[in-house]
Amino acid sequence: MNVVLNPATEEPIAELPHATAEDADRAVAAAKGAFPAWRAVAPEDRARLLRRLAGLVEEHGEELAELESRNVGKPIGDARGEVGMVADVFHFYAGAVDKHHGETIPVAGGVDLTFREPLGVVGLVTPWNFPLNIASWKLGPALACGNTVVLKPAELTPLTSLRLGELALEAGIPEGVVNVISGPGSVVGQRLVEHPDVAKIGFTGSTEVGRRVMEGAAGTIKRVTLELGGTSANVVFADADLERAAASAPGAVFGNAGQDCCARSRILVERRAYDRFLELLEGATRPVKVGDPQSPDTEMGPLISAEHREQVASFVDGDARIRGDAPGGPGFWFPCTVVEATNDDRVAREEVFGPVAAVIPFEDEADAIRIANDTPYGLSGSIWTENGARALRVARAIDSGVLSVNSNASVRVQAPFGGFKQSGFGRELGLHALAGYSEVKNVYISTG
Ligand code: TAP
């Protein structure tokens, strides 16, 4: 049995059987059986069903937020925000169903029409850090385009995804359209990746597993969307509003206990402002409230597991510049930690995925761009400056999919989200995500 723990208490909160490869096959068969009828649902009816699902997520918002908070250890305030986004995602894609249409292209002797056809059965494989949010980013566009799905959440945090599957049925989405199975990635995930009846894998997770997904998908030329890791740079120029940049920096790396692919874990600071910024950063980091995720004023909870805590700790060898407080006793706690580093240090080169920020000085704009890009990843990042032209120059020069200027927020329902380089490819959210769940068909009609 899979014993699901609350990482803040280490107590079991659920026991689930591990799904097997045969369970995965059954889920794929159900999705395949449901596909012809689902793709034929009239656009306005499909939109209505997605809108109903959004409404049910809102109605059950508190229940889902509680469950997510207990399973992931995330502060209840954050969990409520994330569930609110899940509802917004389904509202957005409900509205997108009948706006994702083709073109007419004049050509010699006739006209070309394009159609956006669904792919068929898609496998959605999600990580443990934002389980429900990331599931919705994939489900919304997949269903809007007329696909049926098999969703495999991470075994550490399957509870809200399983509940979402029930809500989809309650919303009136026909049986077989949304199938949620909880089982190990190496068995169930792998089976979805290799299954000949699965047309696409929408994957979010580590770069290492993403690589395996891509290899496995090659056997059947499956489409893949990969949302992978990051070591994003938060670039602070001396001409920035330093108080604002420093006040915002802890949230950008300690949010979700740093278990965020968008974590701005490398804080690059122009040398002229380095000492002042560190002083301000210390003042902003010390008060971060780490503790009981159920308490409404908690800002950071525990890490996901004992194993992960060990891995995060391996990045800090004792000489932290700032180390906050964390509870003792049960729970996988780790304090907010700031280290001074160079970009060659392991803490800057690898994804820590924990509440550890590496502060790195730079000399000038060219140096900042060089360091920001000196990483195999390219997911997210921020630029802090009061010089608008510089903000745009640097934003264009950083090889990253999602950047913010004078802000550390990356994710919006309406706007594309995804990585450059080894942070993956394909885009989630916004209208861009629809391209990843549909195929363009070109039909020529002779008018001769
Ligand atoms: P992974 O270990 O890569 O797991 C992600 C998912 O893949 C889980 O559901 C896992 O299942 C499954 N999986 C494992 N092996 C598999 C295989 N051979 N074939 C198919 N599926 C397999 O990542 P994680 O530790 O859950 O999440 C953390 C990582 O996700 C970080 O690197 C983070 O940066 C990244 N992430 C990226 C983003 C975006 S949007 N770019 C967002 C969030 C997280 P089990 O765990 O159940 O075995």
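**View 1. Helix H1 has a kink at Gly33.** In this predicted model, H1 bends by about 30° at Gly33, and the proline Pro36 follows shortly after the kink. The helix covers residues 21-39, 19 residues in total. From the first C-alpha to the last, H1 reaches 26 Å, close to the 27 Å expected at 1.5 Å a residue.

**View 2. Here are the buried residues of H1.** If you are following the helix along its sequence, look for Ala24, Ala27, Val28, Ala31, Ala34, Phe35 and Trp38, which are the buried residues of H1. An α-helix has 3.6 residues a turn, so residues three or four places apart point the same way. That is a handy rule to keep in mind while looking through this view.

**View 3. Strand E14 is largely enclosed by the rest of the structure.** The strand takes in residues 356-362, and because 7 of its 7 residues are buried, E14 is largely enclosed by the rest of the structure. Its side chains are worth sorting by direction. Val356, Ala358, Ile360 and Phe362 point one way from E14, while Ala357, Val359 and Pro361 point the other way. Both sets are buried.

**View 4. E14 pairs with strands E11 and E13.** Strand E11, residues 266-270, pairs with E14 in the parallel sense over 5 bridges. In this pairing you can find Arg266 opposite Ala358 of E14. Strand E13, residues 337-340, also pairs with E14 in the parallel sense, over 4 bridges. Here Glu340 is the residue standing opposite Val359 of E14.

**View 5. The largest cavity holds about 100 Å³ of space.** A search of the whole structure turns up 2 cavities of 30 Å³ or more, and this view shows the largest. Its lining is made of 17 residues. Those that lie nearest the cavity centre are Ser232, Arg266, Ala372, Gly378 and Ser380. You have already met Arg266 as the residue of the strand pairing that stands opposite Ala358 in E14. Sorted by class, the lining has 10 polar, 5 nonpolar and 2 charged residues.

**View 6. The second largest cavity has a volume of about 60 Å³.** Gly230, Val253, Gly258, Asp260 and Ala263 are among the residues that line this cavity. The lining also includes Ser265, Glu351, Val352, Phe353 and Gly354. By class, the lining of this second cavity divides into 4 nonpolar, 4 polar and 2 charged residues.

Notes: Residues numbered from 1 in each chain as written. Predicted model: local features only at pLDDT ≥ 70, side-chain atom pairs only at ≥ 80, totals over all residues. Heavy atoms only, no water. Helix = DSSP H or I, 4+ residues; strand = E, 2+ residues; numbered from the N terminus. Expected span 1.5 Å × (residues − 1). Bend = angle between axes of the 7 residues up to and from the residue. Buried < 20%, exposed > 50% of the residue type's maximum accessible area, 1.4 Å probe, protein only. 1 Å grid on protein atoms, 1.4 Å probe; cavity = no way out; pocket = protein on both sides within 12 Å on 5 of 7 lines; lining within 4 Å. Points joined across faces, edges and corners; volume = space filled by probe spheres on them. Nonpolar A, V, L, I, M, F, W, Y, C, P; charged D, E, K, R; others polar. Pairing = 2+ DSSP bridges.
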